[in-house]
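Visitor: I have a structure open here and would like to go through its fold with you. Could we begin with the local topology and move on from there?

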Amino acid sequence: MDSPDPSRATNAPGADCTWFVVPLFNEGVVIGDVIRDLRSRYPLVVCVDDGSADGSARIAEEAGAAVVRHPYNMGQGAALKTGIDYALRDPQMRQIVTFDADGQHQVDDAAEMILKRDAEGVDIVLGSRFLDARTKPGLIKRMVLRGAVWYSNLTSGVKLTDAHNGLRVLGREACEKITIEQNRMAHASELVEEIGRHDLTVAEHPVHILYTDYSRSKGQSVLNSVNIVIDMLGRFLVMKGAPRRPALTPPPARARPCRRPPSRRTP
């Protein structure tokens, strides 16, 4: 596969074996800065352009990301699946990070989550807005997100504090086992259900979601959040009467440990 940076060498934890998967849809205003900031520490970045009409794919490529294009808008769930499949083609990939294109996620949080997965030996680390006070969602959004957590905990058996946070670290084995069938935003609850279905180990880590005027204008609306709960509840009832198809497992690849970043001496 073509790698954005064959050297794969930076001092960030896991930089040589971590792919960042960035779903991309009409984010031309900010995507260049997001990718350049990300690749200054993590060179392995794949953007999945989901039918953008504003030149987002070209800007992401110019910033150094690998770009995979959907022929039309298929939804964020489909974009994540495409990006994960792309990263699995790299036999040195040990984990992927799902990362938003609109500037809401922080690279520092992702780096800490990678270290946490390595230190605790878990399959997945999920970001949570509710483990500290840095993130300030509005009251209605907070209530809807809490409702989504209640629903997800009830249906999946996985106890979380934030079920719809897009900043995640998934180990290679988790990527090979998890099946994403929901193309649209309901994939977030589906992913948590998959964690429970495959009995994957999971930890949460506090993250700061940066809500700017731009990210609010592009972000998931309260109505869309409600629709996610409705969609997933309907899906849960359907699943009660019909077995899920098994996850497709790609050919095994030997993952090598990530290189530890060198210690920095304080002058």
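**Fold and ring contacts**

Guide: This is a predicted model. In it, strand 2, helix 2 (residues 56-62) and strand 3 form a β-α-β unit that is right-handed.

Visitor: In which sense do strand 2 and strand 3 pair, and over how many bridges?

Guide: Strand 2 (residues 45-49) pairs with strand 3 (residues 66-69) in the parallel sense, over four bridges. One residue to look at is Val48, whose bridge partner in strand 3 is Val68.

Visitor: What is the strand order of the sheet?

Guide: The order is 3-2-1-4-6-5-7, in an open sheet of seven strands with mixed pairing. Strand 3 and strand 7 (202-206) are at the edges, and each has a single partner strand, so one side of each lacks a neighbour in the sheet. On average, neighbouring strands of this sheet are turned by 20° against each other, direction ignored.

Visitor: And which strands does helix 4 lie across?

Guide: Helix 4 lies across strand 1, strand 4, strand 5 (124-128), strand 6 (168-171) and strand 7. Relative to strand 7, helix 4 runs at about 145°.

Visitor: Changing topic: how many aromatic pairs are there?

Guide: The count is three aromatic pairs. One of them is formed by Trp19 and Tyr86, an edge-to-face pair with 5.5 Å centre to centre and 80° between the planes.

Visitor: Which parts does the pair of Trp19 and Tyr86 tie together?

Guide: Trp19 belongs to strand 1 (residues 18-24) and Tyr86 to helix 3 (residues 76-88), so the pair links parts that are 67 residues apart in sequence. Both Trp19 and Tyr86 are buried.

Visitor: Why is the pair of Phe20 and Phe99 edge-to-face?

Guide: The ring planes of Phe20 and Phe99 stand at 70°, with the centres 5.6 Å apart, so the pair is edge-to-face; the cut-off for that class is over 60 degrees. Phe20 lies in strand 1 and Phe99 in the loop between strand 4 (95-98) and helix 4 (107-120), so this pair ties together parts that are 79 residues apart in sequence.

Visitor: Are those two rings buried or exposed?

Guide: Phe20 is buried, at a relative accessible area of 0%, and Phe99 counts as buried at 3%. Ring pairs also join Phe20, Tyr42 and Phe99 into a cluster.

Visitor: One last residue: where does His187 lie, and what does it touch?

Guide: His187 lies in helix 7 (residues 187-197). Its relative accessibility is 1%, so His187 counts as buried. Leaving aside residues up to four places away in sequence, His187 touches Gln76, Gly77, Leu80, Arg168, Ile180 and Gln182.

Methods. Residues numbered from 1 in each chain as written. Predicted model: local features only at pLDDT ≥ 70, side-chain atom pairs only at ≥ 80, totals over all residues. Heavy atoms only, no water. Helix = DSSP H or I, 4+ residues; strand = E, 2+ residues; numbered from the N terminus. Buried < 20%, exposed > 50% of the residue type's maximum accessible area, 1.4 Å probe, protein only. Contact = heavy atoms within 4.5 Å. Pairing = 2+ DSSP bridges. Right-handed = clockwise from strand over helix to strand, strands pointing away. Phe/Tyr/Trp six-rings, centres within 6.5 Å; stacked < 30°, edge-to-face > 60°. Axes fitted to C-alpha atoms, helices over the stretch in contact; angles between N-to-C directions.
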